[in-house]
Every structure is written in structure tokens, then in C-alpha cells.
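Subject: A structure for you to look at

Hi there,

Here is the structure I promised to pass on. Have a look at it first, and then read my notes underneath at your own pace.

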Amino acid sequence: QVQLVESGGGLVQPGGSLRLSCAASGSIVSIYTMGWYRQAPGKQRELVATVINGITNVADSVKGRFTISRDNAKNTVYLQMNSLKPEDTAVYYCKADVKVVAGSRFGSWGQGTQVTVSS
């Protein structure tokens with residue numbers, strides 16, 4: 001019913017930048033919170049940033065370096081990542097809290113995009 005397609009991951013040198021995008025599609029009536037999470041090898045998935053009604057929540061580990069934004073007309077959320085560090089290396093997942101035509105509301109995940117920070 002809902003698909004989240006992420007793009008923008010890749011290999012970047014320390015200090016570099018990347019911009020992730022995540023577009024939601026399907027039988028969507030409303031999208032509430034949208035956000036980014038990440039999971040590094042051997043670690044639990046952790047919250048990176050979320051946005052709802054223009055209010056953002058950003059993890060302390062990336063505050064000042066990462067910015068989350070959203071285009072409601074396109075059902076798309078972005079993550080601008082600057083001053084990247086090797087410890088930012090992870091698979092980044094998009095998540096959207098959606099309400100669909102059938103009436104149910106649930107969290108939907110993207111397939112993940114790899115971000116590798118290495119020289």
C-alpha cells in the first residue's frame with residue numbers, strides 16, 4: 001500500500017557531504033512524522049532525525065552537521081549531511097507514519113541506503 005524509496009547514499013571522504021532523499025507513494029491519505037534512522041554493523045538501529053509540522057528532532061550525535069527537511073507536496077523527506085565522519089557510516093533508513101485510504105495508520109520503512117565515510 002505504501003512505498004518509501006530512498007536515494008543519495010554512497011561513498012564520501014571524511015568532511016564531505018551527502019544528501020539523502022526519501023519519497024513516499026501509494027494509497028496515502030496523510031503523512032505525519034517522517035524521519036531518518038541508521039544502523040551500523042553490529043549496532044542497533046538509532047534515530048537520526050524526525051520532522052512533523054515543521055518541528056524537527058535531531059540526535060545529539062549529528063546536531064549541527066545534519067539537517068532534515070520535508071516537501072509535503074512531494075511526500076518527500078531529505079537529510080542533508082555535512083562534515084561527515086567515519087562513525088556516520090551506516091545503512092540509513094527512512095520511516096514515515098502514514099494513514100492510508102483504507103483507514104489504517106502505521107509506520108512504513110524504506111529499504112535503506114548505504115552511507116560510507118572513508119578516505
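Two strands count as paired if DSSP finds at least two bridges between them. Please keep in mind that this is a predicted model.

**The open sheet**

With that definition in hand, find C22, whose bridge partner is V77 in strand 8. That bridge belongs to a wider pairing: strand 3 (residues 18-26) and strand 8 (residues 76-81) run antiparallel to each other and share 6 bridges. As general background, the strands of a sheet pair through backbone hydrogen bonds, and the pairing can be parallel or antiparallel.

Strands 3 and 8 are part of an open sheet of 4 strands, in the order 1-3-8-7, with antiparallel pairing. Which strands stand at the edges? They are strand 1 (2-7) and strand 7 (66-71), and each has a single partner strand, so one side of each is left without a neighbour in the sheet. On average, neighbouring strands of this sheet are turned by 15 degrees against each other, if direction is ignored.

**The rings and an arginine**

Next, please look for the aromatic side chains. There are 2 aromatic pairs in the structure. In one of them, Y93 and W109 have ring centres 6.4 Å apart and planes at 85 degrees; planes over 60 degrees apart count as edge-to-face, so this pair is edge-to-face. The pair links distant parts of the chain, with Y93 in strand 9 (residues 90-100) and W109 in strand 10, 16 residues apart. Ring pairs also bring in Y37, which forms a cluster with Y93 and W109.

Are these two rings' residues buried or partly exposed? Y93 has a relative accessible area of 15%, under the 20% limit, so Y93 is buried. W109, at 35%, is partly exposed.

R45 is worth finding here as well. Its charged end sits over the ring of Y93, 3.7 Å from the ring centre. The charged end of R45 also sits over the ring of W109, at 4.6 Å from the centre.

**Three residues to visit**

S108 lies in strand 10 (residues 105-109). Its relative accessible area is 9%, so S108 is buried. Beyond its neighbours within four places in sequence, S108 is in contact with V2, L4, C94, K95 and A96.

S30 is in strand 4 (residues 28-39). Its relative accessibility is 26%, so S30 counts as partly exposed. What does S30 contact, leaving aside its neighbours within four places in sequence? The contacts are D97, V98 and K99. You can also compare S30 with R105: they are 75 residues apart along the chain, while their C-alpha atoms are separated by 9.0 Å.

T113 is in strand 11 (residues 113-117). With 12% relative accessibility, T113 counts as buried. Its side chain reaches the backbone nitrogen of G9 at 3.4 Å. G9 is also one of the contacts of T113 once neighbours within four places in sequence are set aside, and the others are E6, L20, A90, V91 and Y92.

If you would like a place to start, try the C22 and V77 bridge, and then go on to the ring cluster of Y37, Y93 and W109.

Enjoy exploring, and do write back with any questions!

Best wishes

How values were computed. Residues are numbered from 1 along each chain as its sequence is written. This is a predicted model: local features need pLDDT of at least 70, side-chain atom pairs count only at pLDDT 80 or more; totals for chains, interfaces and linings use all residues. Side-chain values use heavy atoms; hydrogens and water are left out. Helices (H or I, at least four residues) and strands (E, at least two) are DSSP runs, numbered from the N terminus. Buried means under 20% relative accessible area, exposed over 50%, partly exposed in between (1.4 Å probe, protein chains only). Contact means heavy atoms within 4.5 Å. Axes are lines fitted to C-alpha atoms, for helices over the stretch in contact, and angles run from 0 to 180 degrees between N-to-C directions. Rings of Phe, Tyr and Trp (its six-membered ring) pair if their centres lie within 6.5 Å; planes under 30 degrees apart count as stacked, over 60 as edge-to-face and the rest as tilted. A charge sits over a ring if NZ of Lys or CZ of Arg is within 6 Å of the ring centre and within 35 degrees of the ring normal. A polar contact is a pair of N or O atoms within 3.5 Å; within protein, one must be able to donate a hydrogen and the other to accept it, and residues adjacent in sequence count only if both atoms are side-chain atoms.
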